Amino acid sequence: MTPTKKTLLFFLITFLLFSWPGLLIAQEEAKKPVIGLALSGGASWGFSHIGVIEVLEKHGIEVDIITGTSAGSIVGSLYANGMTAKEIRKVADNISYWDFLIPAIPDLGFFSPRGIMNQVKKYIPHDDFSQLEKKFGIVAVDLIEGEIFIFKEGSVSTAVAASSAQPIIFNPVRYEGMLLVDGGVLMNLPDDLAWELGADIVIAVSLNENFSFHGAPDSYIDVAVRTYNLMQRGRIMEVNADVVITPNVTGFSGAQMGSYDLIIEQGRKAAEEKIPEILKIIENYGKL
């Protein structure tokens with residue numbers, strides 16, 4: 001072999017030795033899936049979403065896309081803005097129903113959605129989807145056309161208020177010629193939206209089914225929330241998620257904010273049960 005050929009062979013072997021690890025790393029990075037988290041509505045039961053997020057963080061599962069309906073949009077907005085489960089929990093420690101309930105002159109509801117907007121702006125002062133740390137989508141329903149409306153841009157506080165404006169309790173949010181109310185009227189679990197926003201794997205947290213009530217409702221708000229919860233359970237909906245987490249909120253009223261710590265714990269328990277399944281799906285993503 002001539003010196004020139006030996007030199008070329010040396011450089012070729014060197015190139016292959018040093019580039020091969022880089023190629024392997026690139027391949028591994030390319031297999032990292034985009035994970036979506038779909039958070040359903042459920043009034044006070046939505047505190048369980050905090051427990052789910054806490055468990056995902058504990059196991060190093062990074063969420064890239066979040067979708068939310070009603071209570072899911074409230075928790076989801078804070079998470080999408082970069083808050084950790086611990087920080088969201090601090091918000092829960094310092095909030096009550098009356099922070100959301102600003103009485104309004106009776107119109108199409110008893111309370112103004114302004115209370116919800118104010119709370120969102122308090123924790124997300126920039127109030128803009130484009131400045132959130134994670135991709136985020138919110139579901140609301142237009143009463144005029146009877147259709148779902150998806151927020152993916154603009155004011156976060158307006159979107160959350162619209163998605164959380166439970167009919168009769170809150171006035172609808174007037175937005176671009178629409179009358180927007182609680183997204184749970186038509187899509188309480190926004191799993192399909194997570195796929196549409198680009199998720200490769202979707203984890204859904206459903207509050208539609210795993211519950212029962214104890215005792216009679218003790219306020220008109222509890223009557224409205226309980227009726228709404230029962231309507232959701234009565235609907236047959238196909239769930240299009242890889243994993244569905246269903247916190248057991250039996251015995252808790254949807255209007256029972258005072259038990260938020262116990263409801264968060266139910267979210268933790270339900271999420272821990274699904275962790276092995278979630279990790280397996282992530283590990284196998286992209287494998288033939």
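In the predicted model, strands β4 and β7 (residues 168-170) are paired in the parallel sense, with two bridges between them. Gly109 lies opposite Ile168 of β7, and Phe111 lies opposite Phe170 of the same strand, β7. Strand β4 (residues 109-112) also has strand β3 (residues 102-103) as a partner; here the two strands run antiparallel and are joined by two bridges. Within this second pairing, Ile102 has Ser112 of β4 as its bridge partner. In general, the strands of a sheet pair through backbone hydrogen bonds, and the pairing may be parallel or antiparallel. The three strands form an open sheet in the order β3-β4-β7, and the pairing in this sheet is mixed. Strands β3 and β7 occupy the edges, where each has a single partner strand, so one side of each is left without a neighbour in the sheet.

The overall composition of the fold was examined next. The protein contains ten helices and eleven strands. It comprises 288 residues, of which 48% count as buried. Contacts between residues at least 6 apart in sequence were also considered, and 77% of these join residues at least 24 apart. The accessible surface of the protein amounts to about 14,300 Å², and carbon and sulfur atoms account for 59% of that area.

The nonpolar interior was then described. The largest nonpolar core consists of 59 residues. Within this core, the residues with the most contacts are Leu37, Leu56, Ile88, Phe129, Phe151, Ile245 and Ile278. Helix α10 (residues 260-284) contributes the most to the core, supplying seven residues. The surroundings of Leu56 illustrate how parts of the chain meet. When neighbours within four places in sequence are left aside, Leu56 is in contact with Leu37, Ile61, Val63, Ile203, Ile275 and Ile278. A second core, separate from the largest one, is made up of twelve residues, among them Ala38, Ile65, Leu189 and Val202.

A single residue, Val141, was considered in detail. Val141 belongs to strand β5 (residues 135-142). The relative accessible area of Val141 is 2%, which lies under the 20% limit, and the residue therefore counts as buried. With residues up to four places away in sequence not counted, Val141 touches Glu147, Ile148, Phe149, Leu179, Leu180, Val181, Asp182, Gly183, Val185 and Leu186. One of these contacts, Gly183, lies 42 residues from Val141 along the chain, yet the C-alpha atoms of the two residues are separated by 5.1 Å.

Charged side chains were examined last. A search of the whole structure finds six salt bridges. In one of them, the side chains of Asp261 and Arg89 meet at 2.9 Å, N to O. This pair links distant parts of the chain, since Asp261 lies in helix α10 and Arg89 in helix α4 (residues 85-93), 172 residues apart. Asp261 has a relative accessibility of 38% and counts as partly exposed. Arg89, at 23% relative accessibility, is likewise classed as partly exposed.

Two further salt bridges are found within helix α10. The side chains of Arg268 and Glu265 meet at 2.3 Å, N to O. Because these residues are three apart in helix α10, about one helical turn separates Arg268 from Glu265. Arg268 has a relative accessible area of 18% and is buried, whereas Glu265, with a relative accessible area of 29%, is partly exposed. The side chains of Glu277 and Lys274 form another salt bridge, at 3.7 Å, N to O. Glu277 and Lys274 are also three residues apart in helix α10, so they too are separated by about one helical turn. Glu277 is partly exposed, with a relative accessible area of 36%, and Lys274 is partly exposed at 27%. Finally, Glu54, Glu265 and Arg268 are joined into one network by salt bridges that share partners.

Notes: Residues are numbered from 1 along each chain as its sequence is written. This is a predicted model: local features need pLDDT of at least 70, side-chain atom pairs count only at pLDDT 80 or more; totals for chains, interfaces and linings use all residues. Side-chain values use heavy atoms; hydrogens and water are left out. Helices (H or I, at least four residues) and strands (E, at least two) are DSSP runs, numbered from the N terminus. Buried means under 20% relative accessible area, exposed over 50%, partly exposed in between (1.4 Å probe, protein chains only). Contact means heavy atoms within 4.5 Å. Accessible areas come from the Shrake-Rupley method with a 1.4 Å probe; for residues, only the protein chains shown count as cover. A nonpolar core is a set of buried Ala, Val, Leu, Ile, Met, Phe, Trp, Tyr and Cys residues joined through side-chain atoms within 4.5 Å. Two strands pair if DSSP finds at least two bridges between them. A salt bridge is a side-chain nitrogen of Lys or Arg within 4 Å of a carboxyl oxygen of Asp or Glu.
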